[in-house]
Amino acid sequence: MTPHHDPVRRRIDLDSAEALRLLGSVSLGRIVFTRQALPTVRPVNHVLDGGDIVIRTHEGAALTAHAQEADGAGVVVAYEADVIDPDTHLGWSVVVTGYARLVTDPSELARIQTLLQPWVPFEGMDHAVRIRPELVAGVRLAGAAETAPAPG
(Lines give C-alpha, C1' and ligand atoms only; values in the text may rest on other atoms or scores of the structure.)
Protein backbone atom coordinates (compact mmCIF):
# COMPACT_ATOMS: atom_id res chain seq x y z
CA MET A 1 0.00 0.00 0.00
CA THR A 2 1.35 3.42 -0.94
CA PRO A 3 1.19 6.01 1.85
CA HIS A 4 -1.02 8.99 1.06
CA HIS A 5 0.61 12.37 1.53
CA ASP A 6 -1.52 15.49 1.59
CA PRO A 7 0.00 18.32 -0.42
CA VAL A 8 1.63 21.01 1.65
CA ARG A 9 -0.49 24.14 1.80
CA ARG A 10 0.21 27.52 3.30
CA ARG A 11 -1.93 30.37 4.54
CA ILE A 12 -0.65 33.78 3.45
CA ASP A 13 -2.17 36.85 5.07
CA LEU A 14 -2.83 39.62 2.55
CA ASP A 15 -2.46 43.35 3.10
CA SER A 16 -5.57 45.51 2.75
CA ALA A 17 -4.71 46.77 -0.74
CA GLU A 18 -4.23 43.25 -2.16
CA ALA A 19 -7.35 41.98 -0.38
CA LEU A 20 -9.49 44.77 -1.85
CA ARG A 21 -7.94 44.24 -5.29
CA LEU A 22 -8.96 40.58 -5.16
CA LEU A 23 -12.44 41.44 -3.90
CA GLY A 24 -12.80 43.82 -6.84
CA SER A 25 -11.85 41.04 -9.26
CA VAL A 26 -15.09 39.14 -8.59
CA SER A 27 -18.70 40.26 -8.72
CA LEU A 28 -20.41 38.00 -6.17
CA GLY A 29 -20.08 37.89 -2.41
CA ARG A 30 -22.06 37.58 0.81
CA ILE A 31 -23.25 40.37 3.07
CA VAL A 32 -23.71 39.67 6.77
CA PHE A 33 -25.89 41.93 8.91
CA THR A 34 -28.03 41.71 12.03
CA ARG A 35 -31.73 41.00 11.70
CA GLN A 36 -33.84 40.60 14.83
CA ALA A 37 -30.60 40.37 16.87
CA LEU A 38 -29.32 37.42 14.82
CA PRO A 39 -26.74 37.26 12.02
CA THR A 40 -28.22 37.12 8.53
CA VAL A 41 -26.30 36.27 5.35
CA ARG A 42 -27.38 37.15 1.80
CA PRO A 43 -25.59 36.44 -1.50
CA VAL A 44 -25.31 39.64 -3.55
CA ASN A 45 -23.31 41.10 -6.37
CA HIS A 46 -21.11 44.12 -5.83
CA VAL A 47 -18.83 46.69 -7.37
CA LEU A 48 -15.95 48.59 -5.81
CA ASP A 49 -16.50 52.32 -6.08
CA GLY A 50 -13.97 54.75 -4.64
CA GLY A 51 -12.70 52.12 -2.21
CA ASP A 52 -16.22 51.29 -0.99
CA ILE A 53 -18.27 48.17 -1.70
CA VAL A 54 -21.62 48.97 -3.31
CA ILE A 55 -24.55 46.59 -3.67
CA ARG A 56 -28.02 47.01 -5.14
CA THR A 57 -31.10 46.20 -3.11
CA HIS A 58 -34.86 46.74 -3.14
CA GLU A 59 -37.46 48.46 -0.97
CA GLY A 60 -38.61 45.33 0.86
CA ALA A 61 -35.14 43.94 1.61
CA ALA A 62 -34.22 43.50 5.26
CA LEU A 63 -30.89 45.25 4.67
CA THR A 64 -32.61 48.25 3.08
CA ALA A 65 -34.90 48.65 6.08
CA HIS A 66 -32.02 48.15 8.51
CA ALA A 67 -29.87 50.75 6.74
CA GLN A 68 -32.78 53.23 6.63
CA GLU A 69 -33.19 52.97 10.41
CA ALA A 70 -29.49 53.56 11.10
CA ASP A 71 -28.09 56.81 12.36
CA GLY A 72 -25.50 58.80 10.38
CA ALA A 73 -22.74 56.27 10.99
CA GLY A 74 -24.64 53.45 9.30
CA VAL A 75 -25.05 49.85 10.39
CA VAL A 76 -22.21 47.43 11.01
CA VAL A 77 -21.96 44.73 8.37
CA ALA A 78 -19.44 42.21 7.11
CA TYR A 79 -18.87 41.45 3.45
CA GLU A 80 -17.10 38.32 2.22
CA ALA A 81 -16.00 37.16 -1.20
CA ASP A 82 -13.71 34.34 -2.22
CA VAL A 83 -12.42 32.14 -4.98
CA ILE A 84 -11.43 28.72 -3.68
CA ASP A 85 -10.91 25.74 -5.96
CA PRO A 86 -13.15 22.89 -4.73
CA ASP A 87 -10.58 20.23 -5.67
CA THR A 88 -7.28 21.74 -4.55
CA HIS A 89 -8.69 24.02 -1.81
CA LEU A 90 -6.35 26.73 -3.07
CA GLY A 91 -7.45 30.32 -3.66
CA TRP A 92 -8.29 33.33 -1.54
CA SER A 93 -10.88 34.76 0.81
CA VAL A 94 -11.50 38.37 1.86
CA VAL A 95 -13.70 39.65 4.70
CA VAL A 96 -14.46 43.35 5.07
CA THR A 97 -16.15 44.78 8.14
CA GLY A 98 -17.54 48.28 7.95
CA TYR A 99 -20.52 50.58 8.05
CA ALA A 100 -23.33 50.32 5.51
CA ARG A 101 -25.39 53.33 4.54
CA LEU A 102 -28.29 53.61 2.16
CA VAL A 103 -27.42 55.73 -0.87
CA THR A 104 -29.93 58.59 -0.87
CA ASP A 105 -28.47 61.11 -3.32
CA PRO A 106 -30.44 60.71 -6.59
CA SER A 107 -27.47 61.45 -8.88
CA GLU A 108 -25.19 59.03 -7.02
CA LEU A 109 -27.91 56.37 -7.08
CA ALA A 110 -28.37 56.85 -10.84
CA ARG A 111 -24.61 56.51 -11.37
CA ILE A 112 -24.49 53.31 -9.29
CA GLN A 113 -27.38 51.86 -11.26
CA THR A 114 -25.29 52.22 -14.44
CA LEU A 115 -22.25 50.58 -12.76
CA LEU A 116 -24.00 47.60 -11.23
CA GLN A 117 -26.78 45.50 -12.69
CA PRO A 118 -28.58 43.16 -10.25
CA TRP A 119 -27.39 39.56 -10.58
CA VAL A 120 -30.97 38.35 -10.18
CA PRO A 121 -33.65 40.21 -12.15
CA PHE A 122 -36.01 41.66 -9.55
CA GLU A 123 -38.56 44.40 -9.92
CA GLY A 124 -37.72 47.48 -7.88
CA MET A 125 -33.98 46.99 -7.41
CA ASP A 126 -33.68 50.77 -7.25
CA HIS A 127 -31.88 51.14 -3.91
CA ALA A 128 -28.17 50.84 -3.20
CA VAL A 129 -26.09 50.35 -0.07
CA ARG A 130 -22.53 51.67 0.24
CA ILE A 131 -20.18 49.85 2.62
CA ARG A 132 -17.20 51.82 3.88
CA PRO A 133 -14.45 49.30 4.84
CA GLU A 134 -13.05 49.72 8.35
CA LEU A 135 -11.36 46.34 8.75
CA VAL A 136 -10.07 44.34 5.79
CA ALA A 137 -8.76 40.81 6.26
CA GLY A 138 -7.62 38.62 3.42
CA VAL A 139 -5.93 35.27 3.14
CA ARG A 140 -4.47 33.33 0.23
CA LEU A 141 -4.55 29.55 0.51
CA ALA A 142 -1.45 28.59 -1.40
CA GLY A 143 0.55 25.56 -2.42
CA ALA A 144 4.02 25.10 -0.94
CA ALA A 145 5.77 26.67 -3.94
CA GLU A 146 3.72 29.92 -3.98
CA THR A 147 5.12 33.05 -2.46
CA ALA A 148 3.37 35.97 -0.87
CA PRO A 149 2.47 38.81 -3.24
CA ALA A 150 4.73 41.82 -3.15
CA PRO A 151 3.27 44.70 -1.11
CA GLY A 152 1.24 47.01 -3.34
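Visitor: Why is His46 called buried?

Guide: In this predicted model, His46 has a relative accessible area of 4%. Buried means under 20%, so His46 is called buried. The residue lies in strand β3, which spans residues 38–49.

Visitor: What makes the approach of the His46 side chain to the backbone oxygen of Val26 a polar contact?

Guide: The side chain of His46 reaches that oxygen at 3.1 Å. The cut-off for a polar contact is 3.5 Å, and the pair therefore falls within it.

Visitor: Which residues are in contact with His46, leaving aside its neighbours within four places in sequence?

Guide: Among them are Leu23, Val26, Leu28, Ile53, Tyr79 and Leu116.

Visitor: Why is Leu28 called partly exposed?

Guide: Leu28 has a relative accessible area of 42%. Partly exposed is the term between 20% and 50%, so the description applies to Leu28. Leu28 belongs to strand β2, residues 28–35.

Visitor: What makes Leu28 eligible for a nonpolar patch on the surface?

Guide: Patch residues need over 30% relative accessible area, and Leu28 has 42%. Leu28 forms the patch with Trp119 and Val120, and together they have about 280 Å² of accessible area.

Visitor: Which residues have the most contacts inside the largest nonpolar core?

Guide: This core has 21 residues, and those with the most contacts inside it include Leu23, Ile53, Tyr79 and Ile131. Its largest share, 5 residues, comes from β6. A second, separate core of 7 residues includes Val54, Val103, Leu116 and Ala128.

Technical notes:
Residues numbered from 1 in each chain as written. Predicted model: local features only at pLDDT ≥ 70, side-chain atom pairs only at ≥ 80, totals over all residues. Heavy atoms only, no water. Patch = residues over 30% accessible without salt bridge, like charges linked within 9 Å, V, L, I, M, F, W, Y side chains within 5 Å. Areas by Shrake-Rupley, 256 points an atom, 1.4 Å probe, with all protein chains shown as cover. Salt bridge = Lys/Arg side-chain N within 4 Å of Asp/Glu carboxyl O. Helix = DSSP H or I, 4+ residues; strand = E, 2+ residues; numbered from the N terminus. Buried < 20%, exposed > 50% of the residue type's maximum accessible area, 1.4 Å probe, protein only. Polar contact = N/O pair within 3.5 Å; in protein donor to acceptor, adjacent residues only side chain to side chain. Contact = heavy atoms within 4.5 Å. Core = buried A, V, L, I, M, F, W, Y, C linked by side-chain atoms within 4.5 Å.
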